Amino acid sequence: MVWDTAEAQAGAAAPRRQFLRRGMGLGAAAWAGVASAGGAGPVVTPLGERLPNAMKTPGGSDLAYGLPSPHESSVVRTESRAAGFSVWRSPLQHQRGIITPNGLHFATHHNGIPDITPEQHVLMVHGLVQRPLKFDMERLARYPMVSKVHFLECAGNSAANALSLTALDHTLGDLAGEVSCAEWTGVPLSYIFNEVGLKDSAQWVVVEGADGGSHSRSLPLSALAKDGMLALYQNGERLRASQGYPLRLFMPGWEGNVNVKWLHRLEVVDAPAYTKDESGLYTQVLKDGRIERFAFPMEVKSLITHPSGQQTLPEAKGFYEIGGLAWSGRGRITKVEVSVDGGATWASATLQAPVLDRAFTRFTLPWQWQGKKAVLMSRATDEHGNVQPTRSAWKSRYAAHSFNHYNAIQAWQVGRDGRVENTYA
Amino acid sequence: MRERLMALLLALVLGFVLWGQAAHAVDLGQPLDAAQIARFDITVFPDGRNLPKGQGSVSQGAALYQAQCAGCHGPKGIEGPAARLVGSDGFFGWTDPLRVLRIKNYPLLVQSVGARWPYATTLFDYVRRAMPYHAPKSLGDDEVYAITAQLLHMNGLVSATAVMDKDSLPRVEMPARDKTFSAWPQKP
């Protein structure tokens with residue numbers, strides 16, 4: 001309740017206050033009743049008289065496929081079409097924990113969601129291989145599978161903070177919700193490469209989806225053989241259609257766009273194809289005008305989720321727990337520091353277990369707010385010593401209109417009225 | 001005797017190792033024949049590999065562009081709402097209040113096809129596989145060559161009389177190629 005956005009509070013806080021008032025009133029009446037009874041004569045007031053409705057009515061039935069409480073109906077993804085295609089951002093400001101529920105996982109669709117019948121879906125592997133092979137989904141599901149918890153982040157996450165000259169007043173989800181974390185289960189790509197037998201000249205793989213746009217990316221074979229997974233399950237259930245049902249590529253730590261959904265073809269080749277996305281949208285222009293391509297890992301990053309943009313601290317002064325999420329596409333998080341004074345001083349946050357490789361790590365830090373203006377920031381470090389840069393340091397590397405792989409420190413300004421707003425610091 | 005025992009033990013150990021490996025060879029893939037591959041094998045490479053027969057001219061492409069592409073990309077390829085295809089227009093949201101200023105300040109640092117793409121072959125590959133948005137893969141190869149020619153002409157990269165085919169397209173020089181560098185292999 002405390003950290004909810006204004007609109008959520010308007011819907012949910014009022015009934016809670018009413019309940020508290022009513023509860024206290026009933027409690028007082030019940031106490032009076034007991035006192036007047038004085039032990040003489042029968043007590044006829046039913047127990048339910050002094051208890052809330054939920055405790056004296058039969059409960060409702062459950063659902064075949066469960067849903068969140070109706071009181072959490074404001075916790076949803078938000079769609080943006082500003083980029084010319086569909087981006088569904090995850091409401092990170094409501095997430096406490098490292099696993100994103102499947103229905104809230106972010107998604108980017110360049111050509112919509114195809115309707116694929118799993119019985120008719122086939123993975124083809126060909127090109128520079130000894131034996132071109134195909135695998136239907138039934139056969140693929142009989143291979144040994146591994147399960148790994150990993151984040152997935154769009155290359156363009158936090159583009160608004162990268163591009164806009166002024167800090168836009170949005171929720172965290174709307175600013176940086178193109179990242180989520182899930183347990184992915186599937187078949188290591190190395191098994192499939194072993195089975196087809198790679199030729200000596202094999203260096204890259206063109207990975208293609210079976211959607212309307214036949215989305216494709218060229219990826220280095222060595223990395224795919226080491227880390228690549230043919231993912232069939234997400235958080236224990238088969239992939240959602242929006243996440244590539246029935247099959248997607250998963251490359252831990254790498255920009256979302258290369259994790260090809262609705263995967264149907266692996267073409268083993270000797271050099272990249274320079275597909276549409278590695279030619280334009282998923283490249284970065286540096287300050288000197290050079291164009292960087294094939295920058296796959298998402299860099300070390302953290303975000304304070306509680307409190308964050310457009311939330312309001314309900315009471316001036318007092319205890320609040322600062323909480324957030326950190327991750328790195330290169331390994332484990334080793335440290336998250338938090339500042340409440342705009343970066344003048346920093347304190348080490350507690351990392352909540354488990355701290356996993358290329359996964360969300362939750363961090364917390366207790367905070368006594370003095371009721372004055374404050375600027376909250378978090379700065380993550382990974383096991384290779386990579387440290388999250390300031391916004392100005394990040395901007396100094398890239399051209400003004402570059403926005404991919406933005407991992408600069410996010411700052412939140414807390415006003416004297418408790419309102420939290422995006423700021424550059 | 002002792003040596004024989006050792007040899008027997010070694011054979012047993014090796015046998016278990018080999019048995020263990022065999023247990024992991026799942027081998028459930030089914031043969032994929034040349035005809036099946038050819039049906040789906042659409043990737044075009046920068047050196048022109050896998051470009052099909054056929055050809056298309058700028059003038060043929062101009063009419064096709066207006067009919068098939070202009071609705072989303074604009075008559076000049078810069079109006080949107082879909083991605084900029086031509087020249088110096090960047091990838092900025094249409095509701096961005098500073099859009100005009102950004103484009104004015106950074107006229108060459110842009111994300112259009114003409115400014116950012118390093119190889120002309122990608123135009124053919126992408127138009128054939130994904131465009132037009134409402135009916136992907138509905139154009140014939142001659143039409144895709146013609147639209148490719150028109151897009152290159154709109155970017156000032158080929159003349160108004162140019163004809164694109166599997167030999168001419170890979171030879172078109174794209175300005176972004178010399179600015180390109182690869183972040184792979186990545187730092188350890």
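User: Hi! What share of the 188 residues of chain B count as buried?

Analyst: 44% of them. Buried here stands for under 20% relative accessible area, exposed for over 50%, and partly exposed for what lies in between, with a 1.4 Å probe and protein chains only. Keep in mind that this is a predicted model, where local features need pLDDT of at least 70, side-chain atom pairs count only at pLDDT 80 or more, and totals for chains, interfaces and linings use all residues. Residues are numbered from 1 along each chain as its sequence is written, chains are lettered from A and ligands numbered from 1 in the order in which they are written, and side-chain values use heavy atoms, with hydrogens and water left out.

User: Ok. How many helices and strands does chain B have?

Analyst: Eight helices and four strands. These are DSSP runs numbered from the N terminus, helices being H or I with at least four residues and strands E with at least two. Along the sequence the pattern reads α-β-α-β-α-α-α-α-α-α-β-β.

User: Is B:Ser112 buried or exposed?

Analyst: B:Ser112 is buried, at 0% relative accessible area. You'll find B:Ser112 in the loop between α5 (99-105) and α6 (113-116) of chain B. A polar atom of the B:Ser112 side chain lies 3.3 Å from the backbone nitrogen of B:Gly114.

User: Switching to the interface: how many residues of chain A are in contact with chain B?

Analyst: 68 residues of chain A, and they are in contact with 49 residues of chain B. Contact is counted when heavy atoms are within 4.5 Å. The two chains bury about 5000 Å² between them, with 59% of it on carbon and sulfur atoms. That buried area is the accessible area (1.4 Å probe) that two parts lose on being put together, summed over both.

User: Which residues in chain A lose the most area to chain B?

Analyst: A:Lys134, A:Lys276 and A:His401, together 13% of what that side buries.

User: What about strands, which ones join across the chains?

Analyst: One case is strand β5 (residues 133-136) of chain A, joined by two bridges to strand β1 (residues 30-31) of chain B, and they run antiparallel. Two strands count as paired if DSSP finds at least two bridges between them. A:Lys134 stands opposite B:Gln30 there.

User: And where does β4(B) sit in the three-strand sheet?

Analyst: The order is β14(A)-β15(A)-β4(B), an open sheet with mixed pairing. β14 (284-285) of chain A and β4 (180-182) of chain B stand at the edges, each with a single partner strand, so one side of each has no neighbour in the sheet. Strand β15 (residues 291-293) of chain A pairs with β4(B) in the parallel sense over three bridges. In that pairing, A:Glu292 has B:Phe181 as its bridge partner.

User: Back to contacts. How many salt bridges does the rule find across the interface?

Analyst: Four between chain A and chain B. The rule asks for a side-chain nitrogen of Lys or Arg within 4 Å of a carboxyl oxygen of Asp or Glu. One of these salt bridges joins A:Arg265 and B:Asp41, with the closest N and O atoms 3.6 Å apart.

User: Where do the two ends of that pair sit?

Analyst: B:Asp41 is in the loop between α2 (34-40) and β2 (55-57) of chain B, while A:Arg265 is in strand β13 (residues 263-269) of chain A. B:Asp41 is partly exposed at 23% relative accessibility, whereas A:Arg265 is buried at 1%. They belong to a network of salt bridges that links A:Glu208, A:Arg265, A:Glu267, B:Asp41, B:Asp125 and B:Arg129.

User: How many salt bridges does the structure hold over all chains?

Analyst: 26. Among them is A:Arg419 with A:Asp169, closest N and O atoms 3.1 Å apart. A:Arg419 lies in the loop between β23 (411-414) and β24 of chain A, and A:Asp169 in the loop between α3 (159-163) and α4 (172-176) of chain A, so the pair ties together parts that are 250 residues apart in sequence. A:Arg419 is partly exposed at 30%, and A:Asp169 is partly exposed at 28%.

User: Last one: which strands make up the five-strand sheet?

Analyst: In chain A the order is β19-β18-β22-β23-β24, an open sheet with antiparallel pairing. β18 (residues 333-339) and β22 (residues 374-382) pair over six bridges, and A:Ile333 stands opposite A:Asp382.

How values were computed
A polar contact is a pair of N or O atoms within 3.5 Å; within protein, one must be able to donate a hydrogen and the other to accept it, and residues adjacent in sequence count only if both atoms are side-chain atoms.
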